[in-house]
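Colleague: Could you take me through one part of this model slowly? I'd like a close look at the place where the two protein chains meet, and then at whatever you can tell me about the surroundings.

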There are 2 protein chains.
Amino acid sequence: MSTRRDRAERNDRALLQAARDVLAEDGAHASVAAIAARAGVGVGSLYRRYQTKEELFQRLSLLSLEHWNEAAEQGLADPDPWAGLTGFVRSCIEFGQGSLAPIAGTIEVTEEMSAKSRRGDELLDELVRRAHASGDLRADVTAIDVSLLIEQLGRSPVVDQLRKQGRDDLLPAAAEARRRLIAIALDGLRPGHDPLPGSPPGDELFTGRWSVAE
Amino acid sequence: MSTRRDRAERNDRALLQAARDVLAEDGAHASVAAIAARAGVGVGSLYRRYQTKEELFQRLSLLSLEHWNEAAEQGLADPDPWAGLTGFVRSCIEFGQGSLAPIAGTIEVTEEMSAKSRRGDELLDELVRRAHASGDLRADVTAIDVSLLIEQLGRSPVVDQLRKQGRDDLLPAAAEARRRLIAIALDGLRPGHDPLPGSPPGDELFTGRWSVAE
DNA sequence: ACTTAGCGGAGCGATTCGCTCCGCTCTGCA
DNA sequence: TGCAGAGCGGAGCGAATCGCTCCGCTAAGT
């Protein structure tokens with residue numbers, strides 16, 4: 001009913017998506033002004049909804065974690081272990097998880113966030129375990145390998161740059177090219193290849209990476 | 001002999017490597033002050049060697065193109081088409097080609113640069129053609145797919161972020177984890193997988209991407 | 001011992017940052 | 001229809017940072 005509240009909610013969603021886009025384009029120096037402009041609202045409206053830039057980014061991180069967990073649960077609901085795992089990976093990549101990387105270490109991690117992060121780790125472990133058991137996933141790949149792969153593919157240099165240059169005409173082609181790269185990487189997760197180099201990465205690469213530098 | 005000149009040359013090399021590192025960490029807003037500091041010289045010395053920030057970045061781009069071409073020629077010299085192609089890809093990734101992405105579109109492209117770029121395209125075409133002919137490379141992968149793959153893997157979100165946070169203790173582990181991701185992606189280039197989605201990307205994704213936005 | 005090439009970094013004006021605050025619009029109720 | 005005020009956009013604030021200049025000083029060369 002209330003038009004006022006509807007409008008505010010639309011603005012909020014637009015702000016969050018704009019923040020993701022601008023973060024992808026401008027990286028660490030994404031400015032509030034750019035985010036507000038991209039969302040089509042004034043900075044004043046942004047600051048009524050979020051007291052501070054950090055609060056906006058915390059909200060963004062929380063939503064990302066929630067999406068990760070929902071996608072993982074959907075993947076586990078798939079009877080096919082391989083389709084479940086790859087569906088999860090693709091969903092995370094397309095959601096734009098990667099664009100949050102530049103703000104890691106710049107925002108305070110709330111207890112709610114780290115709880116959801118732990119839950120996400122468990123879900124991914126289970127996805128990987130299932131795919132190992134069914135023989136669909138090469139044996140020497142760990143859950144952390146998969147996490148890092150999502151992070152690596154979560155940003156697209158080509159798409160980001162074209163967007164920054166305003167070449168919107170080329171974006172569909174770039175998105176299609178990107179999908180091919182993702183398919184290539186996922187094919188590399190299949191069994192039947194030479195063993196991976198080095199030893200499996202430990203989770204110390206994730207622990208503490210999101211905490212604020214003192 | 002001349003100690004003066006030796007020192008200057010060492011400074012120059014340190015500047016170029018520092019520029020690569022800082023670009024990887026700070027992206028588009030890498031500052032001259034940060035580059036000079038990382039190289040262990042004053043900004044004054046940087047500006048005696050390069051009249052402007054753009055000139056430094058042009059030099060950096062030129063060296064990257066030259067490295068690309070040398071690596072491609074080395075790859076072609078390898079009697080094994082697959083080893084030649086993957087050696088080329090790995091060499092480009094490790095050289096840090098990816099760190100130049102943020103400055104694309106911000107510097108003027110000299111005639112020398114575009115000539116070397118054309119030469120690089122030809123060399124890569126030949127590498128891909130050889131690998132196709134020997135059956136080592138999946139048939140639906142094009143040279144542009146390989147270029148985009150190099151660009152995608154040319155930056156490491158994990159390594160960049162750990163460096164920014166000063167967690168140098170974790171860098172070796174991150175580098176090893178990165179090498180595993182590269183191996184996975186290269187395995188995905190092998191034959192024997194489902195066809196890639198979409199149609200092969202055209203070279204319009206590269207044409208003009210390096211020209212200055214007007 | 002004297003000259004001077006070559007260096008580091010303080011500091012300039014311009015720009016951009018996160019954020020505040022205010023005038024205006026346009027909704028919702030009488 | 002008229003009016004009160006909720007909610008908006010964006011000008012503008014002080015601080016920070018930018019690319020770049022310039023100068024005092026160190027130390028190499030004669």
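Modeller: Here is the contact between the chains, followed by the cores, the DNA side and a few single residues.

A word on bookkeeping: residues are numbered from 1 along each chain as its sequence is written, while chains are lettered from A and ligands numbered from 1 in the order in which they are written. This is a predicted model, where local features need pLDDT of at least 70 and side-chain atom pairs count only at pLDDT 80 or more, but totals for chains, interfaces and linings use all residues.

Let's start with how the copies sit. Turn chain B by 180 degrees, with 0.0 Å of shift along the axis, and it superposes on chain A with an RMSD of 0.1 Å (a least-squares fit on the C-alpha atoms of residues with pLDDT of at least 70 in both copies). The two copies are thus related as by a two-fold rotation axis. Both copies use the same surface, since 100% of the contact residues of chain B recur in chain A.

Now the contact itself. In it, 40 residues of chain B are in contact with 40 residues of chain A; "in contact" says that the C-beta atoms, placed from the backbone, lie within 7 Å. On the chain B side, the elements giving two or more residues are helix H7 (143-153), helix H8 (157-165) and helix H9 (171-187). Helices here are DSSP runs (H or I, at least four residues), numbered from the N terminus. H9(B) brings the largest share, 11 residues. By class, this side of chain B has 21 nonpolar, 11 polar and eight charged residues (Ala, Val, Leu, Ile, Met, Phe, Trp, Tyr, Cys and Pro count as nonpolar, Asp, Glu, Lys and Arg as charged, and the others, Gly among them, as polar).

H7(B) deserves a pause. In H7(B), 11 of the 11 residues are buried, so this helix is largely enclosed by the rest of the structure. "Buried" is for a residue with 20 or more other C-beta atoms within 10 Å of its own, "exposed" for one with 12 or fewer, and "partly exposed" for anything in between. The buried residues of H7(B) include Asp145(B) and Glu151(B) as well as Ile144(B), Leu148(B) and Leu149(B). Their cover comes from both chains: it includes H8 (157-165) and H9 (171-187) of chain A, along with H5 (81-95), H6 (111-133) and H9 of chain B.

What about the cores? The largest nonpolar core has 74 residues, and those with the most contacts inside it are Ala185(A) and Ala185(B). A core here is a set of buried Ala, Val, Leu, Ile, Met, Phe, Trp, Tyr and Cys residues joined through C-beta atoms within 7 Å. Leaving aside neighbours within four places in sequence, Ala185(B) is in contact with Ile184(A), Ala185(A) and Gly188(A), and also with Leu149(B) and Leu153(B). There is a second, separate core of 20 residues, with Ala18(B), Ala24(B), Ala36(B) and Ile107(B) among them.

Ala36(B) takes us to helix H2 (residues 32-39) of chain B, where Ile35(B), Ala36(B) and Ala39(B) are buried. Viewed down the axis of H2(B), its buried residues fall within an arc of 95 degrees, so they line one face of the helix; the arc is that of the directions from the helix axis to the C-beta atoms. Just after H2(B), Gly40(B) has a positive phi of about 80 degrees.

Leu46(B), in H3 of chain B, is buried, with 22 other C-beta atoms within 10 Å. Beyond its neighbours within four places in sequence, Leu46(B) is in contact with Leu15(B), Val32(B), Ile35(B), Ala36(B) and Val41(B).

On to the DNA. Around DNA strand C there are 22 residues, the closest being Ser31(A), Lys53(A), Gly42(B), Gly44(B) and Ser45(B); a residue counts as near if its C-beta atom, placed from the backbone, lies within 6 Å of the strand. Elements supplying at least two residues each are H1 (3-26), H2 (32-39) and H3 (43-49) of chain A, together with H1 (3-26) and H3 (43-49) of chain B. This surface has seven nonpolar, 10 polar and five charged residues.

Finally, the segment after H9 of chain A holds Asp203(A), which counts as exposed, with 11 C-beta neighbours inside 10 Å. Asp203(A) and Ile144(A) are 59 residues apart in sequence and 6.9 Å apart in space, C-alpha to C-alpha.

Key. Two residues are in contact if their C-beta atoms, placed from the backbone, lie within 7 Å.
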